[in-house]
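Trainee: Could we go through this one together? I'd like to see how each label gets justified.

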Amino acid sequence: MTSLHADEAFLGHYQLNHDPFAARVPGFKFFPAQRKPVLGQLHHLARYSQLLLVVTGPQGSGKTLLRQALVASTNKQSVQSVVVSARGASDAASVLGQVAQALGVAQPEVPELLAQVVQLALTGQEVYLLVDDAEQLDESALQALLELAAGTPEGRPHVFLFGEPSLIAGLEELSADLERFHVIELAPYSEEETREYLEQRLEGAGRGIEVFTSEQIVDIHQNSDGWPGAINQVARDTLIEAMIASRTTAKRPSMGFNMPKKHVLALSAVVVVAVAAAVLMPKKGDQAPTAPAEQAQLPLGQGQPGNAQSNNGGPAIEFAGNSQPMPLPLVGQSQPVMRGPLAESTGMGDGEEGGPAGDTALQPPTVTTIAPPAGVAAGPAPAPAQPVAQAQAVAPAPQPVAPVASKPVAPAAKPAPTQVATAKPAAKPAEKPAAKPAAGGSWYAGQKPGNYVVQILGTSSEASAQAYVKAQGGDYRYFKKNLQGKPLYVITYGNFASRDAALAAIKALPAKVQAGKPWPRTVASVQQELAATR
């Protein structure tokens, strides 16, 4: 689910009347205990100080909210507030034009504006000039505002600039070591103030603080550094990530059966053994050539079980038992012969020197312990208990089968116990690849905790995270974290030495990426999540 779709869906998922973490929520006013003294200080300095007043803080620190509170808390009968935005109007002509229009002055010049301020002072009215986004003012605009703040002996407007800390450097260059302005720096919220802020935001949207767990509130405070704008972004992302995780779990299809893992392994082993047995089992095609030869060696009317005397007074052929066939030759026994599939499994080809296939093709066939009925071909027989030289003493059959009788008898086969003993073992199954380390963990662990990265989005699918990073390329990375017991893959961008640098990088991202509302976070917060995931 993309960030845009998630933004549309999470309102319904959590049953919210509106987005509680939007940048501008009508009617929302949150003033923690630490900001109330700042508001009182601004009123006090406006009455007794002759300096230009500067309120600074990073983006999303609540400067605009403080400016709104200042305007709302003034006496409308005795104070005329003029609010000017430096966004898109950063030079002196643009700023003075906005002030002249608000005061009804035809000429947007500093002397004419001061004259109007004096006239209003004679009627008992003061002028508050408040400038938002003051960090965007150029040198000419700052010089004009310093002149307005100095005023004349008869009267002067009270000038307030609300901007980021970079504003101070420009004012210092124009002041020439003179005390012409006073700076008030805003402080971030404490963890308790962050909780109160979230609670008030959620109550305005029809829900309560129970939407978040205590652990999530702590994470939101740490990842936002306590600044209201970042709190809004991190809180929204937390809700969206939890929603995606819950929906992924609910939609995951269940298997047709749920067999324990040990049973699956046992079943796999049985299948492997069955396949191996099928490969090693002698085939009918391998038995056919030996059957006539075995019948030719079986004397007519002789060779019955229990007949211990040999034909014509020759030595007897020993058997394993009256009803038991000879066992298949194994490693370490005296039987040297390997047949058919067993020889193939050792890796020996037909006709190789010393190989079982080449020897058994010409050696005299052996006799089974149970003689087959007349006219039925004998099956593959095990090797004899006595050396092959003794087996040759058996009287030949009176009428040997024609195809075999025409072939000369080969010399006795040489025993090859070493060939059996050195049979190649079955190939080992391919080893599974090593488990992939935590995504991106080594890179994040090697960065400075005080640096910043830009969080782009989170997804429950690692394949989606990999595809996104591959498509974007460059400095895009991702790491794995746990969210409510489920894996979540978080994509980040870049590595910046300060929060201001990360914010500047966000403005340079493609419009499609900016639509997902990326936000800066410290590398330390990422390292904490990676440590918790291990």
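Trainee: Let me start with Thr194: what makes it count as buried or exposed?

Mentor: The model is predicted, so keep in mind that we're talking about computed values. Buried means under 20% relative accessible area. Thr194 has 0% relative accessibility, so it counts as buried.

Trainee: Where is Thr194, and what is it in contact with?

Mentor: Thr194 sits in helix H8, residues 191-204. Leaving aside neighbours within four places in sequence, its contacts are Tyr189, His221, Gly226 and Ile231.

Trainee: And what is the relative accessible area of Asp225, and which class does that give?

Mentor: Asp225 comes out at 26%. Buried needs under 20% and exposed needs over 50%, so with 26% Asp225 is partly exposed. Asp225 belongs to the loop between helix H9 (214-224) and helix H10 (228-251). Its phi is positive, about 60°, although Asp225 is not a glycine.

Trainee: Which class does Val275 fall into?

Mentor: Exposed starts over 50%. Val275 has 49%, so the label is partly exposed. Val275 lies in helix H11, residues 261-280.

Trainee: Then what makes Val275 part of a nonpolar patch on the surface?

Mentor: A patch asks for over 30% relative accessible area, not for the exposed class, and nonpolar side chains are joined within 5 Å. With 49%, Val275 passes that area cut-off, so being partly exposed is no obstacle. The patch consists of Leu267, Val271, Val275, Val279 and Leu280, and together they offer about 450 Å² of accessible area.

Trainee: Now salt bridges. How do you know that Arg236 and Asp19 form one?

Mentor: The cut-off is a side-chain nitrogen within 4 Å of a carboxyl oxygen. Arg236 and Asp19 have an N to O distance of 2.9 Å, so by that cut-off the pair is a salt bridge. Arg236 is in helix H10, while Asp19 is in the loop between helix H1 (3-13) and helix H2 (35-48), 217 residues apart. Both partners are buried.

Trainee: How many salt bridges does the structure hold?

Mentor: Eight. Another one joins the side chains of Arg87 and Asp133, at 3.3 Å from N to O. Arg87 is in the loop between S2 and helix H4 (92-103), and Asp133 in the loop between S3 and H6, 46 residues apart.

Trainee: Why is Arg87 called exposed?

Mentor: The relative accessible area of Arg87 is 55%, and the exposed class covers values over 50%, so the label follows. Its partner Asp133 has a positive phi of about 55°, although Asp133 is not a glycine.

Trainee: Why does the pair of Glu241 and Lys481 qualify as a salt bridge?

Mentor: Its N to O distance is 3.9 Å, and the limit is within 4 Å, so the pair qualifies. Glu241 lies in helix H10 and Lys481 in strand S7 (residues 476-483), so the salt bridge ties together parts that are 240 residues apart in sequence. Both residues are buried. Glu241 and Lys481 also belong to a network of salt bridges with Arg521 and Glu529.

Trainee: Arg521 rings a bell. What is its bridge partner in the strand pairing?

Mentor: Arg521, in strand S9, is the bridge partner of Val453. Strands count as paired if there are at least two bridges; S6 and S9 (residues 519-522) have four, in the antiparallel sense. S6 also pairs with strand S8 (residues 486-496), antiparallel too, over six bridges. There, Thr459 stands opposite Tyr489.

Trainee: What makes S6 mostly covered?

Mentor: Seven of the eight residues of S6 (452-459) are buried.

Trainee: Last topic, the five-stranded sheet: why are S2 and S5 said to stand at the edges?

Mentor: The order is S2-S3-S4-S1-S5, with parallel pairing in an open sheet. S2 (79-85) and S5 (181-185) each have a single partner strand, so one side of each is left without a neighbour in the sheet. Neighbouring strands are turned by 20° against each other on average, ignoring direction.

Trainee: How do you know that S3 and S4 pair?

Mentor: Pairing takes at least two bridges, and S3 and S4 (residues 158-163) have four in the parallel sense. Among the bridge partners are Tyr128 and His158.

Methods:
Residues numbered from 1 in each chain as written. Predicted model: local features only at pLDDT ≥ 70, side-chain atom pairs only at ≥ 80, totals over all residues. Heavy atoms only, no water. Buried < 20%, exposed > 50% of the residue type's maximum accessible area, 1.4 Å probe, protein only. Helix = DSSP H or I, 4+ residues; strand = E, 2+ residues; numbered from the N terminus. Patch = residues over 30% accessible without salt bridge, like charges linked within 9 Å, V, L, I, M, F, W, Y side chains within 5 Å. Areas by Shrake-Rupley, 256 points an atom, 1.4 Å probe, with all protein chains shown as cover. Axes fitted to C-alpha atoms, helices over the stretch in contact; angles between N-to-C directions. Contact = heavy atoms within 4.5 Å.
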